[in-house]
Amino acid sequence: MYRCRVLALCGLAIIGAGCQGETADTETVTPVRSPVVSETDTGPPPAVTVTDAAVMPGVVVPGTDSITVQPADGQFLVLTTTIRGSGVDRTAFSLRFDGSTYSPETFRNGLYRDGEWGRQFTETGGPLVFNLPETGSASDTQLSWPGGKWTPPEAVRDRLQIPLPSFDITLGGPEQVTEPAKPTLSITVTNTGDTAGRYVIALNRTGPRVAYAPVGRFDGKLKTEETAVITHDSKTPYVDDTEPREVIYRLRAPKDYNDATHRIKPVDEETATES
């Protein structure tokens, strides 16, 4: 279902159409409020608004000291909600798709979004993630909660009915640098499928002074045969007056994407002179 070649790695500033880095998933949606409930209620009813909707091959989740991509069994429908009033518990939501009903997924450490470590659904809203089959009829697709419901936009329903596209991902950058070094790495993502769709990847770094640290989450929507280039000013192996140490970047991606590792090693003065 997903096909991806990964050769080397890194990135963070984004160049290219349809590419996003460290951004929320967005689709144009129409906010829908909960209807008024009976007069026996002691307070005003909660107002639930769905602000964003996106179909994704996976979501980025934090671990102990790094981030990774949790793949969907088929596809994820990721909804962002806000709630005003007394609030609605996450378990009160359900999604109807292709004749079946689905509950929101639970992620122990939440999601990694916009640099925030462990974003969870709370009484004021947050992300709702539904793990859905790869394809199916979306004619009956609807989000429901006590006293309210919301129907995804047509573009989202259309996306749910067909398989997500495959992507080719190429990662490149210098393997050795001399001081002063300002290496730049890149990730090139190309939609090789027959339809538009969204990719998602996570990037971590080891060195020169950290054991493991998240660099960022990258996602974007590309049309068929469209390419996006993500560039990143990587860390240098030469830091202050300490002994230079190699910098390692590690890519994590869902399903048939290939994880990748890219190393940037320092070149000692003698080797640099001889070259």
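Colleague: What makes the largest nonpolar core a core, and which residues have the most contacts inside it?

Modeller: In this predicted model, the largest nonpolar core has 24 residues, and Ile187, Val189, Tyr199, Ile201 and Tyr249 have the most contacts inside it. The name fits because such a set holds buried residues of listed kinds, Val, Ile and Tyr among them, joined through side-chain atoms within 4.5 Å.

Colleague: Which elements give two or more residues to this core?

Modeller: They are strands S12, S14, S15, S16, S17, S18 and S19. Apart from this core lies another, of 22 residues, including Ala53 and Leu132.

Colleague: How do you know that S15 is mostly covered?

Modeller: Buried means under 20% relative accessible area, and 10 of the 10 residues in S15 are buried. Both faces are covered: Tyr199 and Ile201 are among the buried residues on one side, Val200 and Ala202 among those on the other.

Colleague: Why do we say that S15 pairs with S16 and with S18?

Modeller: Pairing needs at least two bridges. S15 has 9 bridges to S16 and 5 to S18, so both count as pairs. S15 runs antiparallel to S16 and also to S18. Tyr199 has Gly220 of S16 as its bridge partner, while Arg205 has Tyr249 of S18.

Colleague: Now the open sheet: why are S6 and S11 called edge strands?

Modeller: The order is S6-S5-S10-S11, with antiparallel pairing. S6 and S11 each have a single partner strand, so one side of each is left without a neighbour in the sheet. The twist averages 25° from one strand to the next.

Notes: Residues numbered from 1 in each chain as written. Predicted model: local features only at pLDDT ≥ 70, side-chain atom pairs only at ≥ 80, totals over all residues. Heavy atoms only, no water. Helix = DSSP H or I, 4+ residues; strand = E, 2+ residues; numbered from the N terminus. Axes fitted to C-alpha atoms, helices over the stretch in contact; angles between N-to-C directions. Buried < 20%, exposed > 50% of the residue type's maximum accessible area, 1.4 Å probe, protein only.
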